[in-house]
There are 2 protein chains.
Amino acid sequence: MRRLSTRIVLFQQHAANALGLIHTDIKTADILHETGPITAGELSRITGLTTGTVTALVDRLEAAGYVRRERDTADRRRVIIVPVDTRQSDIQAVYAPLAAAVQHMGAQYNEEELALLQDFVRRISGVYEDEMQRLTARE
Amino acid sequence: MRRLSTRIVLFQQHAANALGLIHTDIKTADILHETGPITAGELSRITGLTTGTVTALVDRLEAAGYVRRERDTADRRRVIIVPVDTRQSDIQAVYAPLAAAVQHMGAQYNEEELALLQDFVRRISGVYEDEMQRLTARE
């Protein structure tokens, strides 16, 4: 898992390079796609990045057209970060060959094995999530 | 896998915070532990970070005591980056609860299932490695 974790982080960095983004930016764009519109404070909490780092990151993502800042209609003082879906296709293009390779690998397993692997990936994601929360609580 | 990949990247960022390092620094320290002493150019190629980013990163790691710069004894013009093992225990301390949680999860599978899962993790690491190389070739 340690080797896999290193490979995943390195892949993300190279994928970001290919899109002209900095290492963490591409994953942040992906997170926003998962969460939908959120505030900079919420994004800071989720990513573990400082608010200063998040501000610079959102500036870059906004300049590159991946997100836009909007005033919250319910509370005009709140600024929310909204993912821009049209740029998601550029991200998809970089990830597509990876997705295809993973799918090709998956096709070599039978149904029972696939169920076991899907359950494993879901559970190991939960372990990483829990451990991340534990680290956040310590901060 | 996309969800897992996001969780792994986020965990790394929080782990780096806990060690007072920037997101990519901790993984770079881990990579150096895997590769042993290498040059800044080699580190730049492996991580996909620009040489400027790598220089600043090695400065931070050196200041924090995770690496030191040394002259290559064979070619005095070459500077190599050497991981400092004494600081590895601090990194281990942050990763230990994660390792324990993964091990605890592993204990719930029988031998046949574990063999399948280990093979899967090894192969999926290879997929990420291959796709990273593909992205590097495009740059």
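Me: Contact here means heavy atoms within 4.5 Å. Which residues does Asp72(A) touch, not counting residues up to four places away in sequence?

Reply: Bear in mind that this is a predicted model, where local features need pLDDT of at least 70, side-chain atom pairs count only at pLDDT 80 or more, and totals for chains, interfaces and linings use all residues; side-chain values use heavy atoms, with hydrogens and water left out. Residues are numbered from 1 along each chain as its sequence is written, while chains are lettered from A and ligands numbered from 1 in the order in which they are written. Asp72(A) sits in the loop between β2 (67-71) and β3 (79-83) of chain A, helices (H or I, at least four residues) and strands (E, at least two) being DSSP runs numbered from the N terminus. With that window in sequence left out, Asp72(A) touches Arg78(A) and Ile80(A).

Me: Is Asp72(A) buried or exposed?

Reply: Buried means under 20% relative accessible area, exposed over 50%, and partly exposed in between (1.4 Å probe, protein chains only). Asp72(A) has a relative accessible area of 14%, so the label is buried.

Me: Now the two chains. What rotation superposes chain A on chain B?

Reply: The copies are superposed by least squares on the C-alpha atoms of residues with pLDDT of at least 70 in both. The fit has an RMSD of 0.0 Å and 0.0 Å of shift along the axis, and the rotation is 180°. The two copies are thus related as by a two-fold rotation axis.

Me: Which residue of chain A comes closest to that rotation axis?

Reply: Going by C-alpha, the distance to the axis is 3.0 Å. The residue is Val9(A).

Me: Why can we say the copies meet through the same surface?

Reply: The contact takes 57 residues from chain A and 57 residues from chain B. The copies share the surface because the interface residues of chain A are also interface residues in chain B, to the extent of 100%.

Me: Which residues of chain A lose the most area to chain B?

Reply: Buried area is the accessible area (1.4 Å probe) that two parts lose on being put together, summed over both. Between chain A and chain B that comes to about 6100 Å², with carbon and sulfur atoms giving 66%. On the chain A side, 11% of what is buried there belongs, taken together, to His14(A), Met105(A) and Tyr128(A).

Me: How many salt bridges are there between chain A and chain B?

Reply: A salt bridge is a side-chain nitrogen of Lys or Arg within 4 Å of a carboxyl oxygen of Asp or Glu. One pair that spans the chains is Arg7(B) with Glu129(A), at 2.5 Å from N to O. There's also a network of salt bridges linking Arg7(A), Glu34(B) and Glu129(B). Between the two chains, the count is 4.

Me: Which helix gives the largest share of the side of chain A that touches chain B?

Reply: Five stretches of chain A each supply at least two residues to that side: α1 (2-18), α2 (23-35), α3 (40-47), α5 (88-106) and α6 (111-138). The largest share is 18 residues, and it comes from α6(A).

Me: How far apart are the closest N and O atoms of Glu131(B) and Arg134(B)?

Reply: Glu131(B) and Arg134(B) are 3 residues apart in helix α6 (residues 111-138) of chain B, so about one helical turn separates them. Glu131(B) is buried, at 9% relative accessibility, whereas Arg134(B) is partly exposed, at 29%. They form a salt bridge, and the closest N and O atoms are separated by 2.8 Å.

Me: Last stop, Thr47(A). Which residue has its backbone oxygen 2.7 Å from a polar atom of the side chain of Thr47(A)?

Reply: Thr47(A) belongs to helix α3 of chain A and is buried, with just 1% relative accessible area. Leaving out residues up to four places away in sequence, Thr47(A) touches Thr28(A), Ile31(A) and Val54(A), along with Leu10(B), Gln13(B) and His14(B). As for its side chain, a polar atom there lies 3.5 Å from the backbone oxygen of Ser44(A). At 2.7 Å, the backbone oxygen is that of Leu43(A).

Terms used: A polar contact is a pair of N or O atoms within 3.5 Å; within protein, one must be able to donate a hydrogen and the other to accept it, and residues adjacent in sequence count only if both atoms are side-chain atoms.
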